[in-house]
Amino acid sequence: MAKLELRGIRKEFGEVTALEGLSLEVGSGEFVSLLGPSGCGKTTALRIVAGFERPTGGELLVNDQDVTHVPANRRNMGMVFQAYSLFPNMTAKQNVEFGLRVRGADRAERHRRASELLELVGLSARADRYPHQLSGGQQQRVALARALAIQPAVLLLDEPLSALDAKVRVQLREEIKRIQTQLGITTLYVTHDQEEALSVSDRVVVMSEGRLEQVGVPADIYRNPRTPFVAEFVGTMNRFDGRVEGPDAVAIGSTGTRIPVLEPHGRGVGEPVLVLIRPESVGLEELPNGAAPAGGLMEATVLLHTFLGAVTRMGLESPVGTLIADLPSVRALTLSPGTRVGIRIDPSGVRLLSP
Amino acid sequence: MAAVTVEPSAAVAAARRRRPSFWAVFWLVMAALYFLVPLYSMVQFSLEVAPHRYGFHWYAQIFADPLFRSSFLLSLRLAIETMLIGLVLMVPTVYWVHLRLPKLRPVMDMVAILPFVVPPVALVVGLSGVFTVAPWLLGSSQILALVYVILALPFTYRSLDAGMRAIDVRTLTEAAQSVGAPWWKTLFFVIMPNIRTAMLGAAFLTLAIVMGEYTISSLLLFNTFAVYIYYIGNTEAYQAAALAIISFVLTWGAMMGLFFLSRRTGAAGPAGVAVTR
Ligand SMILES: Nc1ncnc2c1ncn2[C@@H]1O[C@H](COP(=O)(O)OP(=O)(O)OP(=O)(O)O)[C@@H](O)[C@H]1O
Ligand SMILES: [Mg+2]
């Protein structure tokens, strides 16, 4: 059980600044994800924690001890890599045992621990297979068992599921979460997949261009993005430039369409704001033939449907521009493209940010 | 559905395996003849004791010659030394370049070709400089092993470089480090078992080069196997043919020995070998 702390970690590769002073605390037994687009520095951050890369500034602490200059093989951190990293010359069991072997654990102890871990990842029956005889998902399970065998202080995973197909990905991420919870191991998980990050993490760290954008529990990150970047990167957002009309309303678009707001924002009338609306907060009502929309409704035309399973994503042409709405698929069926509809925006789904 | 599409193609492949095409067989036979005809006529020639009388007379004479045994053993010893020095020197070097200095690889490629470019005669002349620094090397056949390491460098380097390119050196190293292995344990238990074929290839080529090297050893006045073959070839035509066959068999024997030795020692061999077993 260990606490991990990054203090102002910086990393430059020549001209490129990969990390601009990253500070983060991961509590004992906590599962924290680094989420961000390609090239934002997630892998670099993880590799610095693992000791494969030296930071150009800042400190790294494990249980309040400075480990910034401790070599990777003495840090006691288990790592699961994106690419298949199993030792091709060893069986699954020998892979799992390797860490114990280099530590000089005796044969019985090694055997006991390896069996235990292969059992934990559900691969007892494949213990004597070589990596090339295992599927991608199975290889990553073995890699996880190998990382856990040394009872690491911290478990590090760098996009461990990105090479797997969708179904295995979901299955394995739930399994990783189950094992992490069961062992109570401090975990730092890197992914660019927001759904993955939101579904397994205790807290999510959204990163962009080497900087930390927002840290929070998944629901908070999703519901209350604090920067335009987070709002756009996590989930889908309708985004408009607007102006404050009062404590409970803003106006958007050239038409000045009024949008009700619930959250207390404390901004003065006339102040420019960024108005963000989640697609699930956009409600549609069918308009009786030729009728104008009743009070509080904005008129729009259905452009297209994208079927996503339980919900259908609708593209709408409205006076304020294109708008995206998520509707239960059963309802969406009745609104074919070309249909005129009234739009009602749920004020609890409207977020305001400074532009 | 998948089974249906797979089955016919598998059947076609099987049919292809059963009946190789005419041209494939033709070229295979041509290539085989190219090697086998001279070999056959040489064997026949070496067995001819008198016109139309065959026996192992010339072979017996070669084996009875004490120079044969001493020169062969000298070359074999030099080959083994060269192999060991070459691998001990180059395996960690190539590993390090792949791991830490990948930008240096083009430079390494260039340096590794140098022994090709420098003619052996120039190499020998250059050696005189070594003798002034380390006079105790003068007259010792050990000097040859050191020169041969340089001669075999392009082959050793290329073979090892290809071997390391085929595995993900960096990820494997980091995976080993993360579970606590220091660099030398990583090299020994993780990297080397996975480049065994490459190491074996380097060793074979070194063996072949050293067993056949003539220019340098004759210029430095050492009676290596190649020098002995040249000497016999200039003096005894029949014995020369017998000797050529013997050297052929012995060199192949040494290679096979190396091959089986490496298989035995690496019980947990790389995946490719495990499959063919
Ligand atoms: N060894 C290196 N040399 C030079 N630049 C590097 C090196 N490693 C990373 N970078 C740069 O640092 C930045 C961050 O890279 P990093 O690999 O951490 O991104 P990432 O968030 O993991 O992206 P991805 O999702 O694509 O894996 C990038 O601009 C990258 O080009
Ligand atoms: Mg990455």
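Biologist: How many Å separate an oxygen atom of ligand 1 from a polar backbone atom of A:Cys40?
Modeller: In this predicted model, A:Cys40 is one of the residues that surround ligand 1. The pair in question joins a polar backbone atom of A:Cys40 to a ligand oxygen, and the distance is 3.2 Å.

Biologist: Which residue has an N or O atom in the side chain 2.5 Å from an oxygen atom of ligand 1?
Modeller: A:Gly39 also has a ligand oxygen 2.7 Å away, but there the protein partner is a polar backbone atom. The side-chain N or O atom at 2.5 Å from an oxygen of ligand 1 belongs to A:Thr43.

Biologist: What percentage of the accessible area of ligand 1 does the protein cover?
Modeller: On its own, ligand 1 has 640 Å² of accessible area. The share covered by the protein is 61%.

Biologist: Which element gives the most to the shell around ligand 1?
Modeller: Two elements of chain A, β2 (16-26) and α1 (42-50), each give two or more residues to this shell. By type, the shell residues are 5 nonpolar, 5 polar and 2 charged. With 3 residues, the top contributor is α1(A).

Biologist: Which helix of chain B gives the most to the nonpolar patch?
Modeller: The surface patch has about 990 Å² of accessible area in total, and its members include B:Trp96, B:Leu101 and B:Phe116. Seven of its residues come from one helix, residues 105-117, which is α5.

Biologist: Is B:Leu101 buried, partly exposed or exposed?
Modeller: B:Leu101 sits in the loop between α4 (66-100) and α5 of chain B. Its relative accessibility is 38%, so B:Leu101 counts as partly exposed.

Notes:
Residues numbered from 1 in each chain as written. Chains lettered and ligands numbered in written order. Predicted model: local features only at pLDDT ≥ 70, side-chain atom pairs only at ≥ 80, totals over all residues. Heavy atoms only, no water. Near = heavy atom within 4 Å. Polar contact = N/O pair within 3.5 Å; in protein donor to acceptor, adjacent residues only side chain to side chain. Areas by Shrake-Rupley, 256 points an atom, 1.4 Å probe, with all protein chains shown as cover. Helix = DSSP H or I, 4+ residues; strand = E, 2+ residues; numbered from the N terminus. Nonpolar A, V, L, I, M, F, W, Y, C, P; charged D, E, K, R; others polar. Patch = residues over 30% accessible without salt bridge, like charges linked within 9 Å, V, L, I, M, F, W, Y side chains within 5 Å. Salt bridge = Lys/Arg side-chain N within 4 Å of Asp/Glu carboxyl O. Buried < 20%, exposed > 50% of the residue type's maximum accessible area, 1.4 Å probe, protein only.
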